[in-house]
Amino acid sequence: MSFMEKQPRKWGDRPDAVWVKDAPGLNVIMANLYPNRTDCEVYLHQEIDVTELLKFIDEKNGPDAPFKTTLFHCFVTMFARVINERPYLNRFVQGRRIYQRDEISISFVAKRRFADHSEEALMQYIAKGPDTLADISRFIVGEVHEMRDAPKAQGIDDVINKFAKMPRLLLMLAIRIIRWLDFWGKTPRVLREGDSNCATLLLSNLGSIRCPAVYHHLNNYGTTSVLVTIGAIHKAPTVMDDGSVVLRDFVDIGATLDERIADGFYFARSLKLIQHICHHPELLDQPLEEDSHYEFV
């Protein structure tokens, strides 16, 4: 099921996903044996060759470019494409059941100012079938500029700030109610929309502050099953097909995933698709709904 196929809701479904009633028995049992997402974390590390991707970005950022395309924009586009083609990555476990989203949402955090005490803002991209790299770059650039120009926090950030000002006992009660609603799939839309805990993927670009990729824990609250960090660009010697050794550009990716949504083989193949797209960045100019036609070996 691609994110373009909206499913009618039936009994047992949630507003943000449908109940996977034919999920493998092992996954269903694991969802009950290990009801907490943090008990089922799988960590993956991969060095991704981005040499061709960086050349592609340089061509995009010519003197007539209306906005700057960045490596982060490419990875947002890439992950949206991979999740569409690998739909198990768009599943989550909540309330001891396995659910499948019918939209792809990618969350990330942006600082209002590059300073230690600057506030962070939660941002989210909802994938659309016709979107290409240009559309996604334009969206991210516009959202970041709007956030930094805003005089105060907006959206989910404003909601969080209001909760944070509540007296401790009242806040404890509110959080307990919210977690109960989350278990039963009844979380109000105002608390779900834009929340990085309720997205398909939380993506963190640590390379923008020249840090390596790290493994970040998942959260038991919400529905996010995949968290990925992108490290700084670095060069590494690579043996080519003709036996020569050349320096190529790489970035490290650190991924934390909920093993209850799929097995390690499925995750490993998804990483191969990411590398394939980096070797063939022209795929990023195609609409997300178009298949990459990658043949797994």
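Begin with the molecular surface of the protein chain: its accessible area comes to about 15,800 Å², and carbon and sulfur atoms account for 56% of that area. The model on display is a predicted one. Colouring by burial shows the other side of the picture, since buried residues make up 49% of the 297 residues.

Next, switch to a cartoon of the whole protein chain. Eight helices and 10 strands can be traced. The radius of gyration is 20 Å, close to the 19 Å that the globule rule gives for 297 residues, so the chain is as compact as a globular protein of that length. Along the principal axes, the C-alpha atoms fill a box of roughly 60 × 50 × 30 Å. If contacts are drawn between residues at least 6 apart in sequence, 71% of them join residues at least 24 apart.

**Stop one: strand β10**

Select residues 245–258, which form strand β10. How many residues of this strand are buried? The count is 11 of its 14 residues, so the strand is mostly covered under the 20% limit on relative accessible area that defines burial.

Now add the partners of β10 one after another. Strand β2, residues 41–49, pairs with β10 in the antiparallel sense over nine bridges. To find one position in this pairing, display D49, whose bridge partner in β10 is F250.

Strand β8, residues 226–230, also pairs with β10 in the antiparallel sense, here over five bridges. Select I230 and look across to β10, where I253 stands opposite.

Strand β9, residues 234–239, is joined to β10 by six bridges, again with antiparallel pairing. K235 is a useful marker in β9, as its bridge partner in β10 is D249. Then follow the backbone from β9 into β10: this hairpin has five residues between the strands. Within the hairpin, G243 takes a positive phi near 90°.

**Stop two: the sheet of β1, β4 and β3**

Move to the open sheet of three strands, whose order is β1-β4-β3 and whose pairing is antiparallel. Which strands stand at the edges? They are β1 (18–19) and β3; each has a single partner strand, so one side of each is left without a neighbour in the sheet.

Zoom in on β3, residues 91–94, and on β4, residues 97–100. The two strands run antiparallel and are joined by four bridges. One position to label is Q94, which has R97 as its bridge partner in β4.

**Stop three: the surroundings of Q94**

Keep Q94 selected and show its side chain; the residue belongs to strand β3. Is Q94 buried or exposed? Its relative accessibility is 9%, so Q94 counts as buried, the limit being 20%.

Expand the selection to the contacts of Q94, leaving aside its neighbours within four places in sequence. The residues that appear are R14, R37, Y99, D182, F183, N220, Y221 and G222.

**Stop four: arginines over rings**

From Q94, step to its bridge partner R97 and display W19. R97 lies over the face of W19, at 3.8 Å from the ring centre. A second arrangement of this kind appears on selecting R86 and Y266: R86 lies over the face of Y266, at 3.9 Å from the ring centre.

To finish, show the side chains of Phe, Tyr and Trp throughout the model. The structure holds nine aromatic pairs. A pair of aromatic rings is described by the distance of the centres and the angle of the planes.

How values were computed:
Residues numbered from 1 in each chain as written. Predicted model: local features only at pLDDT ≥ 70, side-chain atom pairs only at ≥ 80, totals over all residues. Heavy atoms only, no water. Phe/Tyr/Trp six-rings, centres within 6.5 Å; stacked < 30°, edge-to-face > 60°. Lys NZ or Arg CZ within 6 Å of the ring centre and 35° of its normal. Buried < 20%, exposed > 50% of the residue type's maximum accessible area, 1.4 Å probe, protein only. Contact = heavy atoms within 4.5 Å. Pairing = 2+ DSSP bridges. Rg over C-alpha atoms; globule rule 2.2 N^0.38 Å. Areas by Shrake-Rupley, 256 points an atom, 1.4 Å probe, with all protein chains shown as cover.
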